[in-house]
Amino acid sequence: MPSIDVPVTAIPSIDAPIVEPPSLEIPLISTSLCLPLSTQPCQTCSQTQEILSPSDLRQTAAIYTPTPVKKLKLEQMNKSQQSRFFINVGGTRFETSAIVIQSCPGSLLSEMIKEDSIVKPYLFDGRNTYFLDRDAKHFHLILNYLRNQARIHSDMLPRDVRSSRELQVECNYYELRHLELAVQKNILDLQQLSLL
């Protein structure tokens, strides 16, 4: 969504007139399939859009050429699609791909899915599945960390010490040292906040 610059005004004195901010009308965009009117590729969404008929859409799709970044993302999606499998964590099933798990080489999860690993998957719904006898409560955070190429923002971590300690134990088990250190820092920050 495009950003809208709104002028910031100081608190008016009693004599100063109150200035009304400009209208913040947000252009409505149909949820139907739509493309920009211009032939130039856009970064996000053009404010001037036209709804295309199915035949026009097919014709436009036939000549669409993704940008290098989009092409790389599409290739990554295709690779992920080809290497999908399940991880059953304490009875909760997560679906992921080998590409995601291998984003942190040397972790227990990465070692688990190697071809020469002593841990072998079983078939469930026609797909390879690994079973981990662990609590699934924080596994989604671990997967998101791996999905983001072993990066995490502090806002994504638990906001209480107990949950953070639980996550830290899981990070230690899966040998995700960088995430474990980020969680440890989060725990220290939370403890400092509670002292204030």
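How far is the sulfur of Cys171 from the closest cysteine sulfur? In this predicted model, the gap is 9.9 Å, with Cys104 holding the closest partner sulfur, and that is too far for a bond. A disulfide would need the two sulfur atoms within 2.5 Å, so at 9.9 Å Cys171 and Cys104 don't make one. Looked at from the other end, Cys104 is in no disulfide either, its nearest cysteine sulfur being that of Cys171. The count for the structure comes out at zero disulfides.

Both cysteines sit out of reach of the surface. Cys171 has a relative accessible area of 0% and is buried. Cys104, at 14%, is buried too, because the cut-off for that label is under 20%.

Then there is the sheet. Four strands build it, lined up in the order 4-3-6-5, and the sheet is open, with mixed pairing. Strand 4 (92–97) and strand 5 (122–124) are the edges, each with a pairing partner on one side only. Going from one strand to its neighbour, the turn averages 40 degrees, ignoring direction.

At the strand 5 edge, the pairing with strand 6 (residues 127–132) is antiparallel and runs over three bridges. One residue to look at here is Leu123, whose bridge partner in strand 6 is Asn128.

A helix also packs against this part of the model. Helix 5 (residues 139–147) lies across strand 3 (84–89), strand 4 and strand 6. Relative to strand 4, helix 5 runs at about 5 degrees.

Technical notes. Residues numbered from 1 in each chain as written. Predicted model: local features only at pLDDT ≥ 70, side-chain atom pairs only at ≥ 80, totals over all residues. Heavy atoms only, no water. Buried < 20%, exposed > 50% of the residue type's maximum accessible area, 1.4 Å probe, protein only. Pairing = 2+ DSSP bridges. Helix = DSSP H or I, 4+ residues; strand = E, 2+ residues; numbered from the N terminus. Axes fitted to C-alpha atoms, helices over the stretch in contact; angles between N-to-C directions. Contact = heavy atoms within 4.5 Å.
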